[in-house]
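Reader: I am new to this structure. Please show it to me, and then let me ask how each label is justified.

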Amino acid sequence: MMPGMTTRSATQTIARRCLEILDQMTAQLLATQADAANVARQARIRADLTRLVHLALHDRGSPDIVARIRDCYRRCAVDIDDTGVLRKARGVIKGELRKAGIDAEIPGLASEFDAATIILTTRLTIQRMGGAASSSTSAPGPALDRKQAPGTARHKPRPQLAEPPPPAPHTVRAAKPTTAQHKSATPAEMQAAFNATVDGILARVRQGGRAIEKPDYLAALYNDPAGKERLVAAVAAALPHANRTVLAQAIDGFFRNGFKGHYIERTDRQGNRRAHRR
């Protein structure tokens, strides 16, 4: 709490800031939608995002999404590392759900809310809200009230740059690096490796006498954490230069595209995402 600020005014400041961030995140999501003129869809997206933020503030849901949303609030000057502030932030978001007539205990999120979308949305929100540009492990953001009292400016003098070293003599040549540089895997390479791995497994399954369609197999594998992890490991083995975290996120998207139209993804009460037949 800022000096001289009453408990009520501090609560109002937190509430206002929480809603500003939620509005900005909603605007970023709507900007990516082709049918942005659909009022009913806009309302549903805001409701789903509010529920997602509510779950993240309670450490529930996908770890990637929880981390990104909490980091977004922290870097947009809501000090959720403070227990009192976090409690107020949770109350504000839950109040939004109540006003919309939404049960906060039933996730039921739309399929748009994957980790990649939330990462992009929160990054743009941080930029628009003037949040800190440091990493997710940075310290909590500045005070909640963005207006600074006289004599309390946060600006620090910029450190002077060190003078550059003197140029090397002309007779000395810098040694060229000898380490080989590996390019990262492209989305097309990851998709091709995924398809080849899945098609190979399906061919062996069908040779054994089982008749199964590709969407059904992908959905069953998506719902089996151990089987899914084995598939990710197989694709990673085919792409040794790929970043494992980026690859795992891309494979989630390949799964959803593979069973799209036949299955829909839903999140259960424990935050696990599963495919359900339409």
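Reader: Which residues are linked with Asp 23 in a network of salt bridges?

Author: Asp 23 is linked with Arg 46, Glu 96 and Lys 99 in that network. This is a predicted model, where local features need pLDDT of at least 70, side-chain atom pairs count only at pLDDT 80 or more, and totals for chains, interfaces and linings use all residues. Residues are numbered from 1 along each chain as its sequence is written, and side-chain values use heavy atoms, with hydrogens and water left out.

Reader: Why is the pair Asp 23 and Arg 46 called a salt bridge?

Author: A salt bridge needs a side-chain nitrogen of Lys or Arg within 4 Å of a carboxyl oxygen of Asp or Glu. The N to O distance between Asp 23 and Arg 46 is 2.6 Å, so the pair qualifies. The two ends sit in distant parts of the chain, 23 residues apart: Asp 23 in helix α1 (residues 7-31) and Arg 46 in helix α2 (residues 39-57). Helices here are DSSP runs of H or I with at least four residues, strands are runs of E with at least two, and both are numbered from the N terminus. In general, side chains of opposite charge can pair when their charged atoms come close.

Reader: What makes Asp 23 and Arg 46 partly exposed?

Author: Buried means under 20% relative accessible area, exposed means over 50%, and partly exposed lies in between (1.4 Å probe, protein chains only). Asp 23 has 40%, so the residue counts as partly exposed. Arg 46 has 24%, so the label is again partly exposed.

Reader: Arg 44 also forms a salt bridge, with Asp 48. How do you know that about one helical turn separates Arg 44 and Asp 48?

Author: They are four residues apart in helix α2, which means about one helical turn. Their closest N and O atoms are 3.8 Å apart, so the pair meets the salt-bridge cut-off. Arg 44 is partly exposed, at 37%. Asp 48 has 6%, so this partner is buried.

Reader: Where do Arg 74 and Asp 71 lie?

Author: Both are in helix α3 (residues 63-75), three residues apart, about one turn of the helix. Their closest N and O atoms are 3.8 Å apart, and the pair forms a salt bridge. Both residues are buried. For Asp 71 the value is 1%, so the buried label follows.

Reader: Why is the link between Asp 71 and Arg 75 called a polar contact?

Author: A polar contact is a pair of N or O atoms within 3.5 Å; within protein, one must be able to donate a hydrogen and the other to accept it, and residues adjacent in sequence count only if both atoms are side-chain atoms. The side chains of Asp 71 and Arg 75 are joined at 2.7 Å, so the distance fits.

Reader: How many salt bridges are found in the whole structure?

Author: The search finds 15.

Reader: Is Thr 122 buried or exposed?

Author: Thr 122 has a relative accessible area of 0%, so this residue is buried. Thr 122 belongs to helix α5. Leaving aside residues up to four places away in sequence, Thr 122 touches Met 25, Arg 68, Ile 69 and Cys 72. Contact means heavy atoms within 4.5 Å.

Reader: What makes Ala 219 buried?

Author: The relative accessible area of Ala 219 is 1%, so the residue is buried. Ala 219 is placed in helix α7 (residues 214-222). Not counting residues up to four places away in sequence, Ala 219 touches Phe 259, Tyr 263 and Ala 275. The C-alpha atoms of Ala 219 and His 276 are separated by 7.8 Å, with their positions 57 residues apart along the chain.

Reader: Which element gives the most to the lining of the largest pocket?

Author: That is α9, with six residues. In total 25 residues line the pocket, and Ser 62, Tyr 222, Lys 228, Asp 252 and Arg 273 lie nearest its centre.

Reader: How many helices and strands are in the chain?

Author: The chain has nine helices and two strands. Buried residues make up 38% of its 278 residues.

Methods. On a 1 Å grid over the protein atoms alone, a cavity is a set of points where a 1.4 Å probe fits but cannot get out, and a pocket is an open set with protein on both sides within 12 Å along at least five of seven lines; lining residues have an atom within 4 Å of a point.
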